[in-house]
Every structure is written in C-alpha cells, then in structure tokens.
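Biologist: Can you put the model up? I want to go through the ligand site.
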Amino acid sequence: MTEHSIALSKTTSKKEKPNPAELTFGEKFTDHMFILDYDQDKGWYDPRIVPYQPISVDPAAMVYHYGQTVFEGLKAYLTDGGDVNLFRPEKNINRLNRSNARMCIPAIDENLALQAIKQLVALDAEWVPNLSGTSLYIRPFVIATEPYLGIAPSKQYKFIIILSPVGAYYKEGINPVKIAVENEYVRAVKGGTGEAKTAGNYASSLKAHEIVEAQGFSQVLWLDGLEKKYIEEVGSMNVFFKIDGEIITPALNGSILEGVTRNSVIQLLKYWNVPVIERAIAMDEIYQAHRAGKLEEAFGTGTAAVISPIGTLAWNKEILEINNNKTGDISKKLYDTLTGIQYGKQEDVFDWVIQL
Ligand SMILES: *Cc1c(COP(=O)(O)O)cnc(C)c1O
C-alpha cells in the first residue's frame, strides 16, 4: 500500500475531554479533522489534518440545495491493553465509494481514506473513551461545494472526517426495543437511493419516526415501497428474524442499505453452523410465524447498537411480543462475540480488526 502524504496542522489549544460516564451520541467532537478537496480539473487534492473548526462554504453550494452528499459511520474501540481497534474500516470506505457512485460523486482513493482515518484517530487517540461500551465514532462524509443552482453533479467537493466520543448504547446491558411496522411512509424504493448512505434517505425518514416515537416506539420497521408487504430494515439497522431455528434476513434487493454489521452477523452465523438465509420476507409471514409460536427472536444490526433485540413489534392492530420481551440467545451471543472482537477480548477469527 502506498503511503500518501497528509499535511498536518496541530491545534494549539486542546479541548477539555468529556466525562466518559456522561457521553451521549454525536454531541462532542475531538481536536482535529481531516479534509480532502476535489475540483474537476485537479481531481482529489490537498489531503490535510487540521484543528477541528467550522468550514466556510458558499451559500450557493450545491449540497444545500439538491442534497448531493454521502456519509459513513464506524467506530474506534479502546482495548484493555490500551490499543485502539478499528472494525472492518475497509468495508465502510468501499461502501462510501458505492454511495459516491450512486450520487455522481467522484470515487475517493480507498487507501488514502483508510490512511486518513488511521492517522486522524491516532492523532486524537486520547479521545477514545475508556469506559465499557464507549467508543470513538468516526464520521466520514462528502459534500458538493460548487456554488451553482443548476441541477447537475457538482464540479467541486469536500471529503471530511470528524470524530466524536460516544457513550455506551446500552447503559444497563443489552435490552429489547419496541418497534412499529410503518404502513404509510416508505424509506426507499428499488431504483431510488436506499442502497446509498445519503442524507436525503434520513431526512425523509424523520416524519415516520416522529409519529411512532410519540406512540412510545423507538424505531419503525420499514416495508418495501411498492407493495408495503415485504420487510426492509428497522430504523437505520438491518433486521434479522429467527423462525423455527432458522435465521432469515431480507436479501439485498436494491433498496436496503448493506450493513457491515449485517455482513459480520451472517459470517458469524455460518461459522457457527446456524442456518442463515437471505431472502424476501413478507410481514405477514412474521405474523403467521408468531401466531404459530415459531418466531423465536428478532433483532436489528448496526454499528451504533451492534445488536438491538426487538421485544415488541406492532403491526396494524396486532402487538407481537417476541421471546417474552427478553433478549434471545442468538442475539446475546452475536452481541457478546462482536463486541468481544471489537474490544479485543475475543479471538478475531476473521481478521476483522485493524489495530492502530
Ligand atoms: C448505516 C445503516 C445501516 C447499518 O449499517 P452498519 O454498517 O452495520 O452500521 C443499516 N441501515 C441503514 C439505513 C443505515 O444507514
């Protein structure tokens, strides 16, 4: 791998670090950030790490008007031995470029992006919090910066990486959540942008979230955009069901975001010889399985929560209680194994971890 040279300008006034016990999600930011610029004539240029600061962008910048932007989310974990681990960062960088391709944003050199993440995290390593379950969230993103109100791909971009120390997702251990099946709004349709991690998908999901949150649910379960029949994802997590001993997750069909956690869960299940299948699943099939007493577990997967067991699923007038609203054995084992690998407490049989 070629070493890129990333210019470094260090902060002269380090910020005070937050108390790890009081961390939430995405509210505090570290001392430095990475920036890479793009211009149609020059390509991507001027990779640099600078003090964390506001950026100056023209109000006509295309991102503000037409939403040409993509992002990623991954984490750095502190081990008991004081090392900093990244979990499969190359998967996130590869997905960033797939999102870029969908949004007409030029591809970024994946080696440079990985090196940028590593160098930035290493520089701000003292911000990786040391309390169980906490981590340093890494947010790479691209924005279209050309000042132009015509609808076309921008000729200028910025690729930026910022870091945010985040608290434990489960403060009192892994716990089941209440989910509402969304029958009115949809997240994505085939041919749309559901496969890309792009801002508009999240802006358009806020309404459904707002409504179900007021009813006491923590997330929505999205159905397909055409028939509202097949299960897609839950909130910003992929979703798995255990029915009669077999684990089922919706196949990647063009409107589902391909999670790194989803991929890791499938690999682990196969390694354990647990039957796992990717296919279309109708919500009615889940309902019927529940009625027959065969819906054993349901859980979401994503970088933030890792595994989020679903204890209650509301669909039309039906309330499905799953596994007596308790965390199931497979959910627990997946959670313990994945977090064990991430924090360096368990053998990393798949070579998923990159140590800084
Ligand atoms: C990011 C995301 C996921 C989960 O992806 P991970 O790589 O596992 O964090 C799932 N669905 C949506 C819509 C997402 O944005």
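Modeller: A residue is near a molecule if one of its heavy atoms lies within 4 Å of it. This is a predicted model, where local features need pLDDT of at least 70, side-chain atom pairs count only at pLDDT 80 or more, and totals for chains, interfaces and linings use all residues. Residues are numbered from 1 along each chain as its sequence is written, and side-chain values use heavy atoms, with hydrogens and water left out.

Biologist: Which residues come nearest the ligand?
Modeller: Lys197, Tyr202, Glu233, Thr261 and Thr303, out of 14 around the ligand.

Biologist: How does that shell divide into nonpolar, polar and charged?
Modeller: The shell has 4 nonpolar, 6 polar and 4 charged residues. Ala, Val, Leu, Ile, Met, Phe, Trp, Tyr, Cys and Pro count as nonpolar, Asp, Glu, Lys and Arg as charged, and the others, Gly among them, as polar.

Biologist: How far is the polar side-chain atom of Tyr202 from an oxygen atom of the ligand?
Modeller: 2.4 Å. For Thr261, a side-chain N or O atom is 2.6 Å from a ligand oxygen, and for Arg95 a polar side-chain atom is 2.8 Å from one.

Biologist: How much of the ligand does the protein bury?
Modeller: 96% of the 380 Å² that the ligand exposes when taken alone. Those areas come from the Shrake-Rupley method with a 1.4 Å probe.

Biologist: Switching to secondary structure, which helix gives the largest share of the lining of the largest pocket?
Modeller: α5, with 3 residues. Helices are DSSP runs (H or I, at least four residues), numbered from the N terminus. A pocket is an open set of points on a 1 Å grid over the protein atoms alone, where a 1.4 Å probe fits, with protein on both sides within 12 Å along at least five of seven lines; lining residues have an atom within 4 Å of a point.

Note on methods:
A polar contact is a pair of N or O atoms within 3.5 Å; within protein, one must be able to donate a hydrogen and the other to accept it, and residues adjacent in sequence count only if both atoms are side-chain atoms. Helices (H or I, at least four residues) and strands (E, at least two) are DSSP runs, numbered from the N terminus.
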